[in-house]
Structures are given as C-alpha cells and as structure tokens.
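Visitor: I have a structure here and a handful of labels I'd like explained. Could you walk me through where they come from?

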Amino acid sequence: MTTTASSVWGECLSFIEDNIKPQAYKTWFEPIKPIKLSGEALTIQVPSKFFYEWLEEHYIKLLRVALVKQLGEDAKLIYDVRMENNYSSSKPHTVKIPSSNRNPLNPQGVTVPLDFNKRELRNPFIIPGIQKVKIESQLNPNYNFDSFIEGDSNRLARSAGMAVANKPGGTSFNPLLIYGGVGLGKTHLAHAIGVQIKDKYPDKTVLYISSEKFTQQFIDSVKGNTRNDFIHFYQMVDVLLIDDVQFLSGKTGTQDVFFHIFNHLHQNGKQVILTSDKAPVDMQDIEQRLLSRFKWGLSAELQVPDYETRVSILQNKLYRDGVEMPEEIIEYIAKHIKSNVRELEGVLISMIAQASFNRKEFTLSLTKQIVDKFVKNTKREVSIDYIQKIVSKYFELDVATLQSKTRKRHIVQARQLAMYFAKRMTKASLASIGSQIGKRDHATVLHACKTVDNLTETDKQFRKYVDDITQKLTF
Ligand code: ADP
Ligand code: MG
C-alpha cells in the first residue's frame, strides 16, 4: 500500500477518535483536510487561525503520538491555515499566524514545528552561577491587559493587577490573590500581570507556574534528593505567579515548602500573585499559617461578567480575529452563555469552524444548535462539593456528617453515593475524590462505586435514591 497524506491522516484519525470524546472529535478533527505528505512532513488544512491555536493548545500531545506512530520520531506537522471566508468575501485567503511564538510564514500557510515542550519548564533546578540565570517566564503573550476586557465583574481585580504590574513588590497588594469560578479569567489576568511586568521591567525574573506542576516538581525533588535546589530556584525569582492554589489542598509537604518560599520572597520585597477558585475563607485543607499569609495582601474576586461585558468580550475576540458576525447573533450568544467566559469563546470558535468548512452562513439556527450543545455540556459539569451538598440535602444530613468517620449505615450509604456520583460526573481521580469526601483513600472510593453498582441492581429503594439524585444533579 502506498502511503499518502490521506492514508496517513486516516490512520491518525482512527487513533485520535479512540482517545477523545465524540463531540470533540467531530468539532476539531472532522473538519481537517490532509493536503500533502512529503517525507515525514504531513500538511493538514485547518479552517481558521483559532482552529489551529485550539489544536496546538489542546491536542498537540495527542497529535504527536498519532503522527509518530505513522511517520516515526521525526514526524512533522504543517498547518495550512486557509479560511474559505464565504460570509464576507468570496475568495479564499490565508490567515497569517501572529509571529510571536511561531516560525516564519510561507505564502501558503505556516509551518509550525512540533515543539511539545515549549510550555514546560525545561530545567527547574538550574543552580545560579555568578551571572544571573535566565529563567523562562512561561507566560503567554496573548494573555495581556489589552485583551482582558474590563467590566464591573472584574474591575477591582483588574486594577489591582495593573497596580501590581506597575510596581511589583511595591504595593500593599502582596500577595495578590485573584479568585473566582471556572473560566472567569484568573489565568488570563495572572499572565497579563506577568506580561506587563516583563514589558516594563525586562530584567526582572518572572515565573508563572500552575500549582499542579509546582507540586509535581516538589515531589520529584524529594525523590531526587534535590529539595534544597528546588527551594533555591523558586527563591531566586522576582515575581512568582502561582495558578490554582486550591490544588495545594491536603498536600502538606508542598504547602510547607511553599510557605518557606513565600516567606523568603515576601521578606525580600518580591511579588507573589496567586489564583484560586475559592476565597481564602472557603479554602479547605490549607494550613492556617499559609491561609493567613494569603490574607496579608489583597484578595480580589472575578465575578461572572454581566451581559454588556459578555458582549464586549465577544466583540473584542471577533475583532482581533478579523471575523464579522451579525449583531443579533452576538447578542444571542451573550444572552445564553452566562457563567463562563471560556464557553463564550468556545461557542465562537465552534461557530467559525462550522461556518467556514461547511460553507454555512452565521445563522441564528446554527448559533442555537451550537449554544444548545454548550449549555447541555455545562449542565453535566458538576463539582464534587456540589455533589456532596445535593446528596447530604437529599438525606437530610449536613456535609460534615457525610464526611465523618461514622459507620452508621445510612450515612455510609450517603457517602458512598456521593463518591459514586463524583466518579460518574466529574473527571476527578479516585484518589482526589477520596481526599475531598472525608479524606478517604482511592480503594474506599472504588469500593463505594462497586457497592452502589451492586445495590442499584438488587435493591429497589436504593435504585430510587440513585434516580432521584441523578435528577437533582442534572436538572
Ligand atoms: P480561569 O483561569 O479563571 O478558569 P481563564 O483565565 O483560563 O479562566 O479564562 C478563560 C478564557 O476566557 C480565556 O481564553 C480568557 O482569555 C478569556 N477571558 C476571561 N475573562 C476575560 C475578559 N475579561 N476579557 C477577555 N477574555 C477573557
Ligand atoms: Mg485557570
């Protein structure tokens, strides 16, 4: 059999299809067209710049595995970003990719190296010599203040962020803690502060890191006996941005090391910026001494944006990407997607993808279809906290009782149900479910899931519990 672009891509697709959700596959992979194969380089055509960015952001690892399987270690992927822009003009054109982090353009499109490690910290344990060591900031230049739309929902956090960016370490906002729900711009704002500091003070060492990665590095350092190097590395930075500190919950070792790093930075007038999905008062399983440090500076909330802000965010995004969309469609999206900016953007991206490849106009009915899908998906996304609340309420318990060590049968059952629903309705691991539901281990959660499965089949009353709670959690 001869290998062609289509045959290689076909193989890649069947691998990819097995590894992601059908909806994601449909949206992000079906529209791609294989164009050319030369040596180890496969060229694929994608309908828009967003599309390409989205693939790079979310699926690059998967793409790599798929391609390497087909073409070997030297596999290369070339994106041809050609948008057949049938709603504003009739001739096809090539969209240029911003050059910030990309290779030179060629007239047909753009070649992007498969640079999988670009967001990784290459070596977090560089020992400083006489010269100042250069640490890569890990910042995304697109997440800046210009692209962060101001509204009532974020005014305080945004201006505090600006103040900190203009005078890192020199305001009373140290640490600055930005908190708020999923997709409301915490990560964006944290990057914006970092980007602005780098802009204003190129010599300052700025470092952005997620709490998860920080934790992983710490664990590795303990294993490798390099704990001091780890601490030393973090104590060298001028501005430390730590994203999603709620993930430090229950991780006492990591909290302890962070406490020391924090104190060192703070005493030396260095700036610390934290984000979290909860206000400090609501954080669980974070040591008191660390929480009290978090409260030293300013905690600023990112709230759900109001309608006007949602419209501005959409308009701004469209403007930046050079896409025109009728006013009534923008309004429809802003009216229906209310609680999450990431979803607002998701709807736009899907619309642009659909419209450009299926040669559809941006119609209200297309919009409705896409918005519907998003709204449905959102409904299914529940948190473990929420599940515990609903289950406790259903059995007329409080959450503390649900989590307690008691062996009383009805409480054990309630707890097992909470674990079962957490497994079914969230992406959390067994271990993480256990730690959030009364600090149990993963084996307990697994046992709970099996018990619930069995009881559902054998016990009518129990089956009703499961049905009732399912109802409550999904509607
Ligand atoms: P979080 O970290 O709170 O979950 P993100 O910072 O990842 O949320 O934001 C989700 C998406 O929404 C990002 O693409 C971000 O650029 C965008 N976004 C959030 N808030 C705003 C805003 N005020 N203006 C423009 N874009 C925003
Ligand atoms: Mg985030």
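The talk below goes through the labels one at a time.

Guide: Happy to, and bear in mind that this is a predicted model.

Visitor: What makes Arg158 and Glu150 a salt bridge?

Guide: Their closest side-chain N and O atoms are 3.4 Å apart. The cut-off is 4 Å between a Lys or Arg nitrogen and an Asp or Glu carboxyl oxygen, so the pair qualifies. The structure holds 13 salt bridges, and Glu150, Asp152, Arg155 and Arg158 are linked in a network of them.

Visitor: Why is Arg158 called buried?

Guide: Arg158 has a relative accessible area of 12%, and buried means under 20%, so the label fits.

Visitor: And its partner, why is Glu150 called partly exposed?

Guide: Glu150 comes out at 39%. That value lies between the 20% limit for buried and the 50% limit for exposed, so it is partly exposed.

Visitor: Where do Lys464 and Asp468 lie?

Guide: Both sit in helix 20 (residues 460-474), 4 residues apart, which is about one turn of the helix. Their side chains meet at 2.9 Å, N to O, and that is within 4 Å, so this is a salt bridge too.

Visitor: Why do Lys464 and Asp468 count as partly exposed?

Guide: Lys464 has 46% relative accessible area and Asp468 has 22%. Partly exposed runs between 20% and 50%, so each value lands in that band.

Visitor: How many disulfides does a search of the whole structure find?

Guide: The search finds 0. To be counted, two cysteine sulfur atoms would have to lie within 2.5 Å. As for individual cysteines, Cys12 is at 1% relative accessibility and Cys449 at 11%; both values are under 20%, so both residues count as buried.

Visitor: On to the ligand. What makes Arg342 a polar contact of ligand 1?

Guide: An N or O atom in the Arg342 side chain is 2.8 Å from a ligand oxygen. The limit for such a pair is 3.5 Å, so it counts. With Asn154, a polar side-chain atom lies 3.4 Å from a ligand nitrogen, so that pair also passes. Ile149 takes part through a backbone N or O atom, 2.8 Å from a nitrogen of ligand 1.

Visitor: How much of ligand 1 does the protein bury?

Guide: Taken alone, ligand 1 exposes 560 Å², and the protein buries 92% of that. Helix 6 (186-200) and helix 13 (341-357) each give two or more residues to the shell around it.

Terms used: Residues are numbered from 1 along each chain as its sequence is written. Chains are lettered from A and ligands numbered from 1 in the order in which they are written. This is a predicted model: local features need pLDDT of at least 70, side-chain atom pairs count only at pLDDT 80 or more; totals for chains, interfaces and linings use all residues. Side-chain values use heavy atoms; hydrogens and water are left out. Buried means under 20% relative accessible area, exposed over 50%, partly exposed in between (1.4 Å probe, protein chains only). A polar contact is a pair of N or O atoms within 3.5 Å; within protein, one must be able to donate a hydrogen and the other to accept it, and residues adjacent in sequence count only if both atoms are side-chain atoms. Accessible areas come from the Shrake-Rupley method with a 1.4 Å probe; for residues, only the protein chains shown count as cover.
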